[in-house]
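Subject: Structure for you to look at

Dear colleague,

I am passing on the structure we talked about, with its sequence, and would be glad if you could open it beside this message.

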Amino acid sequence: QNGIQVAIDGPASAGKSTVAKLVAKRFNYVYCDTGAMYRVVTLAALQQGIAMDGTKQIADLARQVKISFKPGDPEQRVFLNGEEVTTAIRQGEIDNNVSAVAAIPAVRQEMTNQQRQIAQTGGIVMDGRDIGSTVLPNAPVKIFMVATAHERARRRYVENKEKGIATASLAELQHEIELRDQKDSSRKVSPLVQAPDAIRLDTTKLTIDEVVDKISDIIKKTL
Ligand code: C5P
């Protein structure tokens, strides 16, 4: 198979998935949103009434549920045991509980295995928190995308409105984003951290197209 592995990591709402999708399209690579996978496990746990501190139960659930995407789906729909959950996993309740689920080592082990499986396909753009550091440590292109918390909250606010998702206020969103970053950065297993060989990209003042162009140039130089 042609193509290389492109790892895009960074804090919440830095624009990773928007950009990763467009980069994947440009190179005709598969796109994998690993955050969506942790969100699906969180949704399944909430649906089943499992408490967020039920580590063993959540780990078992992570191994049982079937998380699926359709390759090349332009809408990037996400399925939990065959049922579409694309919008359901973007609710505030998931935002506020997903970091606890993602901190469970056995959950990470299972998701990491599945992600490595998906990356076997060849050309892939995978976004998340630990792709360059843990999931695909040999990826030839690693990007660490950052932006100020204020700008990230603003983007999330606009996105929620556009998608018709009930949204908290801008100030609340910024607080939630900072809290989630702090949890993701301080967990013991695969915390959010810039891999030593990753290229840091501050997108605060860049447009989506500018970011896509920058990453595309980096990929072309690596091919
Ligand atoms: O990228 P997104 O904001 O959808 O990710 C949701 C959550 O999933 C993150 O806040 C983090 O707790 C977790 N996550 C992770 N490792 C990844 C991707 C996401 O821990 N590779």
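Below is what was found, taken helix by helix and then for the small sheet.

Please keep in mind throughout that this is a predicted model. As for the record, an unreviewed UniProt entry carries the annotation "domain: Cytidylate kinase" over residues 6-220. Over that stretch the chain is 52% helix and 14% strand, and the C-alpha atoms at its two ends are 11 Å apart.

Helix H1, residues 16-27, is built of twelve residues and reaches 16 Å from its first C-alpha to its last, which is close to the 16 Å expected at 1.5 Å a residue. Its buried residues are Lys16, Val19, Ala20, Val23, Ala24 and Phe27. Seen down the axis of H1, these buried residues fall within an arc of 135°, so they line one face of the helix. The general background is that an α-helix has 3.6 residues a turn, so residues three or four places apart point the same way. The cover over the buried residues of H1 includes strands S1 (5-9), S2 (30-33), S6 (124-128) and S7 (141-146), together with helix H9 (208-222). Just after H1, Asn28 takes a positive phi of about 60°.

Helix H9 can be read in a similar way. Its 15 residues should span 21 Å at 1.5 Å a residue, and this agrees with the 21 Å that separates its end C-alpha atoms. Val211, Val212, Ile215 and Ile219 are the buried residues of H9, and because they fall within an arc of 100° when seen down the helix axis, they line one face of H9. On the other side of H9, Asp209, Asp217, Lys220 and Lys221 are exposed. Among the elements that cover the buried residues of H9 are S1, H1, S7 and strand S8 (199-202), just as H9 is itself part of what covers the buried residues of H1.

Turning to the sheet, three strands form an open sheet in the order S3-S4-S5, with antiparallel pairing. Strand S3 (67-69) and strand S5 (83-84) are the edge strands, each pairing on one side only. Strand S4, residues 78-80, is joined to S5 by two bridges, the two strands running antiparallel, and Leu80 stands opposite Glu83 in S5. Helix H2, residues 34-47, lies across S3 and S4 and runs at about 35° to S4.

With best wishes

Terms used:
Residues numbered from 1 in each chain as written. Predicted model: local features only at pLDDT ≥ 70, side-chain atom pairs only at ≥ 80, totals over all residues. Helix = DSSP H or I, 4+ residues; strand = E, 2+ residues; numbered from the N terminus. Expected span 1.5 Å × (residues − 1). Buried ≥ 20, exposed ≤ 12 C-beta atoms within 10 Å, placed from the backbone. Arc of directions from axis to C-beta. Contact = placed C-beta atoms within 7 Å. Pairing = 2+ DSSP bridges. Axes fitted to C-alpha atoms, helices over the stretch in contact; angles between N-to-C directions. UniProt positions renumbered as here; feature names shortened; annotations may be inferred.
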